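Morning, everyone. I have one structure to walk through today. Please have a look at it while I talk.

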Amino acid sequence: MGLACAGGALASWTLYAVLNSRWLARLPGVSAHDWSLLTGVATGALATLMAAPAFLWHASPHAVGDWALFWGVSAGVAIGASVVGNALWNRASRLLPLTLMGQMILFETLFALLYGFLWDQRWPTILEGLAILALVASVGLCVGRHHRRPEDAAPEVGTPEAA
């Protein structure tokens with residue numbers, strides 16, 4: 001079941017990276033910041049629609065503190081992940097090639113692992129640590145393949161090297 005969920009996550013994030021890059025390319029007049037805000041508003045509206053049934057479905061009533069915690073965490077995620085995170089992601093989508101952009105999801109994975117280890121109040125096991133290192137190394141290799149050394153760059157048009 002875990003492997004199926006991981007495959008689904010990989011597929012959905014790959015689809016998101018591809019479609020997001022394509023939409024940003026189609027809309028050059030829309031800034032990455034505006035696109036991020038639009039994404040955040042849509043996500044916030046969906047979360048609000050889903051919040052009431054989720055809380056009402058539970059058999060026991062929720063205290064005012066539960067609701068305050070829920071809205072506080074929601075606001076933090078909305079500002080931190082949806083607005084700031086999406087703005088950075090969308091800016092990177094315009095600056096990086098698509099084959100490299102999908103690799104940047106590594107950071108979300110690393111933070112998810114960090115949060116999980118903090119929640120469990122433990123360090124990664126040796127096997128988990130090796131898997132994390134392998135993941136980071138694979139993305140590092142991909143980034144290295146995209147890096148252009150100055151001597152590999154094509155000469156600019158109109159320079160003696162181009163002639």
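Let me start with a cut-off. A residue is called exposed when its relative accessible area is over 50%, buried when that area is under 20%, and partly exposed in between. Keep those numbers in mind. Also keep in mind that this is a predicted model.

Now apply the cut-off to Tyr115. Its relative accessibility is 53%, so Tyr115 counts as exposed. Where does Tyr115 sit? It is in helix α5, which covers residues 106-120.

Let me step back to the overall fold. The protein chain has six helices and zero strands. Along the sequence, the pattern reads α-α-α-α-α-α. The chain holds 163 residues, and 16% of them are buried. About 12200 Å² of the chain is exposed, with carbon and sulfur atoms supplying 74% of that area. What about contacts along the chain? Take those with a separation of 6 or more: 66% of them join residues 24 or more positions apart.

Back to helix α5 and its surface. Which residues make the nonpolar patch that includes Tyr115? They are Phe107, Phe111, Leu114, Tyr115 and Leu118. Together they give a patch of about 540 Å².

Next, the aromatics. How many aromatic pairs does a search of the whole structure find? Three. One of them is Trp67 with Phe70. Their ring centres are 6.1 Å apart and their planes meet at 90°. Planes over 60 degrees apart count as edge-to-face, so the Trp67 and Phe70 pair is edge-to-face.

Both residues are in helix α3, residues 64-95. Trp67 and Phe70 are three residues apart there, about one turn of the helix. Buried or exposed, or something in between? Trp67 has 29% relative accessibility, so it counts as partly exposed. Phe70 is partly exposed too, at 23%.

Another pair takes us back to the patch. The rings of Phe111 and Tyr115 have their centres 6.3 Å apart. Their planes are at 35°, so this pair is tilted. Why are Phe111 and Tyr115 about one helical turn apart? Because they are four residues apart in helix α5. Phe111 has 43% relative accessibility, so it is partly exposed. Its partner Tyr115 is the exposed residue we began with, at 53%.

One more point on aromatics. Trp67 and Phe70 belong to a cluster, and Trp71 is in it as well.

Now a charge over a ring. Arg26 lies over the face of Trp23. The distance to the ring centre is 4.9 Å.

Let's move to a buried site. Ser21 is in helix α1, residues 2-26. Its relative accessibility is 13%, under the 20% cut-off, so Ser21 counts as buried. What does Ser21 touch, once we leave aside neighbours within four places in sequence? It is in contact with Ser93, Leu98 and Met101.

Last stop, the loop after helix α5. Gln121 lies between α5 and α6, and α6 spans 126-146. The phi of Gln121 is near 55°. That is a positive value in a residue other than glycine. Gln121 has a relative accessible area of 74%, so it is exposed.

To recap, briefly. Six helices, no strands. A nonpolar patch with Tyr115 in it. An aromatic cluster of Trp67, Phe70 and Trp71. And Ser21, buried in helix α1. Over to you.

Definitions and conventions
Residues numbered from 1 in each chain as written. Predicted model: local features only at pLDDT ≥ 70, side-chain atom pairs only at ≥ 80, totals over all residues. Heavy atoms only, no water. Patch = residues over 30% accessible without salt bridge, like charges linked within 9 Å, V, L, I, M, F, W, Y side chains within 5 Å. Areas by Shrake-Rupley, 256 points an atom, 1.4 Å probe, with all protein chains shown as cover. Salt bridge = Lys/Arg side-chain N within 4 Å of Asp/Glu carboxyl O. Helix = DSSP H or I, 4+ residues; strand = E, 2+ residues; numbered from the N terminus. Buried < 20%, exposed > 50% of the residue type's maximum accessible area, 1.4 Å probe, protein only. Phe/Tyr/Trp six-rings, centres within 6.5 Å; stacked < 30°, edge-to-face > 60°. Lys NZ or Arg CZ within 6 Å of the ring centre and 35° of its normal. Contact = heavy atoms within 4.5 Å.
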